[in-house]
Amino acid sequence: MSHILVVDDDDEVRDLLRMALEEEGHTVDEAESGRVALEKLRATSERLVVILDYLMPGMDGLEVLHAIAQDETLAPRHSYIVMSAGRFFPTDDEALRGLPVAVLPKPFDLDKVFQKVRQVGGALESGGQA
Amino acid sequence: MLHSSEPEGAQRLTVDEATPQAGHLPSPPASRTLPIAGGSPLWLPARWRQPGAGYLAAALLQVLAVLSTWVMTRAFSAFNFPSALPLLVVAFVALSWGAGPSILALLLGAVFIDYFLLSPGYSWSVRGNDLIGLAVFLVVGLLISRLAGLHKRVRRAAEALAESLESERARLQATFEAIPDPITFYDAQGTLVSANPAGLQNIGARPFPASLEAMSGAYRVRTAQGDPLPVEQLPVARALRGEMVNEVEVVTPGPDGNDRIVLTGAAPIRSRQGQITGVVATSHDMTERRRLEREATERAGQLEAVFNSMTDGLVVFDAQGHLLQMNGAARSLLSLERVAGYSLEQASSGSSRFSVRDEQGRPLKQQEWPISRILQGETLTGANVVDLLLRSLDGHEVQVSVSGAPVLDEQGAIAGAISVIHDVTERRRLERRTQESLQALLDMAQTLVQEPGEEVPTGQNGLALRVVARRLAELTRRVIGGQRTAFYSFDAETERFSPLAVVGLLPEQEQQWLADPGRGHRLGENLPPALARRFLAGEVIVVDMREPPLRDIPNPYQVRTLMAAPLLVGQRLVGQFILDFGPEPHDFTPQEMALAEAVGKLAALVIDRDRLLREREEARASALALREANRRMDEFLGIASHELRTPLTKVKTSIQLAEHRAKAAVRQDNANGTLLAKTLQPIQEMIGRGVRSVDVVNRLVGDLLDVSRIQADRLEVRLVPVDLIQVVREVVEEQRELFPHRTITLTVPAHLPTLVTADAERIAQVVINYLTNALKYSPEALPVEVGVRVDERAARVWVRDQGPGIPADAQAHLWERFYQVQGVAVQQGSSVGLGLGLYISRTIIERHGGQIGVESAPGKGATFWFTLPLAG
C-alpha cells in the first residue's frame, strides 16, 4: 500500500481521512500546513501520495504546488491529489507543468478517494508518474 | 617742328632731315670741319652738292678764267685787266660755295695770274707794279670772298627761312583747310576775307557778310538766351578792338536755315608793329552737343528723380570705397547728411558708429561689409542678399537687406559699386512677432499633450483645469496682446459660463474675480442676438461696451471694446475667452481675430481634454472599484464554497467511514451470525440516506453559489474541446447508480466522438439538472430517455420524461430564478429544491453559445433540451 501525506489545516478532516485510509491499509502521515508539508516532503526519501487541501490559511495548496514544482529535487518525487471546494484545473497552470496533480472535488466520495489513491500510488510504485 | 608742351620723358616727334625745317637754320652737313660757313648753291642739283665740289669748281673756274683772260689779252690789246676774271671767279665761288673754296680760287688765281698773265710770262717773278696789282687782287679777292660769303650766308638763311616759312605756311594751310570747324579771317574793317573749307561750307550759299553790321543782321546772331547780339559785342568786333575772345556761345542759323548753337572765338591778328591787321575767328557747332547735354541732363534729372524717389536706399561707391552718390532714402535710413567725400574708411572708423552687425548681432569687419564684398567683385542678389543690423547716426537700430553689384568699365575692371539698402526692420519686427505668436500657440498645443499629473498633484483635477486655463490666458495675452484675458468653461446643461482664470488683474483682484459668484453668466446674456448667433457659429466677435445693452452693465475696468472667442470642439461649445484693452480704443485687426480663432480652437481642445481626462480618471476609478468589488466577490464565493463544503465533507466522510465499518462488521459477522447483520442493515440504509442528503445539500450549496456568481456576473466557463457524448454518458451512468430501480435510456449517434467546445463539468451539471428533474417529476415505473443528436452545426441533448407535463404559461417562467412549478407532486426523491436549477442551466448554456428549451404539454410529459455549437 501507499505511503500518504494528508495536508489540511482542519484537524477533523485530517483525522477522518487518516482513519479511512489507514483502514484501507495505507500508511498515513499528517501535515497541518503547507510549510510543514514541504518540510516533510523534503525530509523523506520515500515516494508519497500527497492529499492536499486547496484552501488553507498561510500557504495554500496552490502555493505549495508551485514551491514544489520549482524545487528540482522535490518535483519528480511525489504525486499529488488536490481537494478543492471550487474548480481547479492544474493543466491551466503553466507553473505546474510536469507535476502529477489530480483533483478531487469536495465533499468527496470516500470510494473515489480510495480509487484515486490506488491509481496514483500504483503509478508511483511502478516508477512512473500518475 | 611740331611739339607740344609735354611733360618730361614724353616722346618727341621725329624730324625729317631731308625737308627743311621751318623756324630753324639748317645745319650744314659735314662741312662743319671748316670753321667758315659754307654749303652748296641751291641751284645745283642735289647730287652735285658734295663738300669737295666747291674746291673743284674753284680750281676749274680759275683755270678757265685765267685762260680766258689770256685769250682776251691776246685778242684785245686794250684788255689789260688780268685780275678781272679771276676776281669774278673768286666772287662767284664765294657766293656759291662759301669762303673756303673762294680762298682757294683766290690763291689759285693769284698764282695763275702771276705765272701766266703777268710779264714775264711763265715765271714766278713779280715786278713792283704787278706786285701791288697782285696784292690788290688778293685783298680785293679776300674782301669779295668775305662779302660773298656773308652775302651767301645771309641769302642762305633767307632761303632757309623762306623755305621754312613756306613749309610752315603749307602746314598751316593744310591745318586750316583740314580743321572741321569754320575758321574765318577778317580784315581790319571787319570784312570777311577768307574762310577755310569748313567755314565756306558754313556760309554755304549765303553771301559773304560785307561788314560786321551785315553779319549781325544777315546772320541774326543772338545770345544764348536769344537776345540779338549788338554789333559791337560780336566776337570779331571785340577782337578788332584788341580783345581775345574765347568761347562765346551764340545762336545763329546755319546754311540750312535752322538755328544752331555755336561756340565762337576771335583773336586779333597783329602786324609786327602791333597794329591790328585783321581778325581770325573760329566757331564750333555746339548744337548737337548742347542737345545731348540737355538730354543727358534731362535723363540725369529723371534718374535723379527715380534715384531719390526710390523708397529703398541706393548708394554708389567708386572703386576706392568713396561714396559718390546716395539717394534720399539712404540718407534718411542712415541719417547721413554729408555725402561728398564720405568713404568706407570713414564709415568703418569712428569706432564703428554704424555698428554694422550680421543678423545674429555679431559685429562685421569692414572687409566683411557687403559694399566691400561688392567692390571685390561679388554680386549680391537673390539668395546672396545680406541681412545686416545697423545703427543709424541718430541712434536708431535698423535691420536692412543689402544687395548690389560691381560696376565694370569697358575692360571689365571694377570701377565702382552700386548697392541697394532695403529696410526690413518693420518686416523683421512682424516676423518676430509672428514667431512669438507661433511659439505661444505651440506652447499651448504642448499643454495638450502633457499629462495633468505632470503639473499638478493628483486628486486636484478641478484645480488642474484652472491652472491650465490660467496658463492659456497668459499665452493668449502674449500672442494677441491686450490688458485682460479671461477664460470661462461652459456647461451645456445649465447654459452658463463659469470663470476659470484671468490674467491682467492684480493678484487680489484676481482672487476676487475667481470667487465672485455672479461672474458666471448665461450664454447670450447682454449680447445683441445677431452677435450671439455669430458667436455660437464659431466666430470671434468684437463687442463695443458703449453700445446698449452692454452700456448699462457694470464696467469696473472701463473696458471699451472687447473680443470674445468661442471655444468649440467640433460644434460643441466648451467655453469662451474674452480679451480687452481696457479704456484704450483698440481696433481689432483681422490678424488678431484670426489669432484669437486659433487660440480658441486650441484652448477648446485643452479644456475638453481636461474633461476627458477627468472622465477617464473617474472611469478608471470606478473600473478600479469594480475590479475590487469583483475581487471581493470572488474571494467571498471561494470562501463561501469552502466554508460551506468543509462541514459537508466531514459529515459525508464520517458517515461513509461509518458505513465502511458497518460493512466490514457485517462481513466479519456473516461468518458468526445474522443478528448483527440484521441490526446493521437498517443502519446502513440510514447511513446511505444520510450520504444522499449530504449530496443534496451539497448540490443546493453549489446552486446558491452559482446563482451568486451569475448575479455578480462572475460565472465562468472553461471552454475546452470535450466529447459531449462522453459527458452525457457519465452523467447517465452516475444517475443509474443512484437510482438503480429507474430506467434511464441513452440514445447516442453512431459516429463518435462528438466534439464541442465546452466546460464538461458545467454541461454535466445541466444534464444532471434535467435528469434529476425528470426523475423527480415522472412516475417511478416510467422510463426517462436521454439522447444526443448531432445536426449539421450543433449537437442536441435532450431528456424526456413522461410526467404530467408543463402548461404553456408555466413554461415561460420555468427558467427564472426561484421558480417552482406549482401543483406538481414530486414523484420521487427529495422535494428539496430552490428553483435555481433551470435558471443556472440556462445561464450555462447561454455562456456556451447554445440554445435551451422545453417541449411540453400537460399530460404529454416534457422534453428538456439544449444545443451546443459543434467544435471547429
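Buried area is the accessible area, taken with a 1.4 Å probe, that two parts lose on being put together, summed over both. By that account chain B and chain A bury about 2100 Å² between them, with 55% of it on carbon and sulfur atoms. The model is predicted. The points below take up the interface, then chain A, then several parts of chain B.

**The interface of chain B and chain A**

- On the side of chain B, 23 residues are in contact with 23 residues of chain A.
- Three residues, His642(B), Lys650(B) and Arg718(B), supply 27% of the area that chain B buries against chain A, more than any other three residues.
- The rule finds 7 salt bridges across the interface of chain B and chain A.
- A salt bridge joins the side chains of Glu761(B) and Arg87(A), at 3.9 Å from N to O.
- Polar contacts are found as well: 13 residue pairs across the interface, with both residues at pLDDT 80 or more.
- Two elements of chain B, α16 (590-672) and α19 (760-777), are those that give two or more residues to the side of chain B that touches chain A.
- Of the elements of chain B, α16(B) gives the most to this side, with 16 residues.
- Sorted by class, the side of chain B that touches chain A holds 9 charged, 10 polar and 4 nonpolar residues.

**Chain A**

- Chain A has 4 helices and 5 strands.
- Read from the N terminus, the elements of chain A follow the order β-α-β-α-β-α-β-β-α.
- Chain A has 130 residues, of which 51% count as buried.
- Taking contacts in chain A between residues at least 6 apart in sequence, 66% join residues at least 24 apart.

**Helix α21 of chain B**

- Helix α21 of chain B spans residues 837-847, and 8 of its 11 residues are buried, so the helix is largely enclosed by the rest of the structure.
- The buried residues of α21(B) are Gly837(B), Leu838(B), Tyr839(B), Ile840(B), Ser841(B), Thr843(B), Ile844(B) and Ile845(B).
- The cover over these buried residues includes the helices α17 (675-711) and α19 of chain B, together with the strands β24 (851-856) and β25 (862-869) of chain B.
- Gly849(B), just after α21(B), takes a positive phi of about 75°.

**Strand pairing in chain B**

- Strands of a sheet pair through backbone hydrogen bonds, either parallel or antiparallel.
- In chain B, 6 strands form an open sheet with antiparallel pairing, in the order β15-β14-β13-β18-β17-β16.
- The edges of this sheet are β15 (521-522) and β16 (541-544) of chain B; each has a single partner strand, so one side of each is left without a neighbour in the sheet.
- Strands β13 (residues 484-491) and β14 (residues 496-503) of chain B run antiparallel and are joined by 7 bridges.
- Ser489(B) stands opposite Ser498(B), which is in β14(B).
- Strands β1 (residues 183-187) and β2 (residues 192-195) of chain B also pair in the antiparallel sense, over 3 bridges.
- In that pair, Thr184(B) stands opposite Ala195(B) of β2(B).
- β1(B) and β2(B) form a hairpin with 4 residues between them, and Gly190(B) in the turn has a positive phi of about 95°.

**Met545 of chain B**

- Met545(B) is in the loop between β16 and β17 (561-569) of chain B.
- Its relative accessibility is 10%, so Met545(B) counts as buried, since buried means under 20%.
- Val559(B) is 14 residues from Met545(B) in sequence, and the two are 6.7 Å apart in space from C-alpha to C-alpha.
- Beyond its neighbours within four places in sequence, Met545(B) is in contact with Leu550(B), Arg551(B), Ile553(B), Asn555(B), Val559(B), Arg560(B) and Leu562(B).

**Asp387 of chain B**

- Asp387(B) is in strand β10 (residues 386-391) of chain B.
- With a relative accessibility of 15%, Asp387(B) counts as buried.
- The side chains of Asp387(B) and Ser401(B) are joined by a polar contact of 3.2 Å.
- Leaving out neighbours within four places in sequence, the contacts of Asp387(B) are Asp358(B), Glu359(B), Val400(B), Ser401(B) and Arg428(B).

Definitions and conventions
Residues numbered from 1 in each chain as written. Chains lettered and ligands numbered in written order. Predicted model: local features only at pLDDT ≥ 70, side-chain atom pairs only at ≥ 80, totals over all residues. Heavy atoms only, no water. Contact = heavy atoms within 4.5 Å. Salt bridge = Lys/Arg side-chain N within 4 Å of Asp/Glu carboxyl O. Polar contact = N/O pair within 3.5 Å; in protein donor to acceptor, adjacent residues only side chain to side chain. Nonpolar A, V, L, I, M, F, W, Y, C, P; charged D, E, K, R; others polar. Buried < 20%, exposed > 50% of the residue type's maximum accessible area, 1.4 Å probe, protein only. Pairing = 2+ DSSP bridges.
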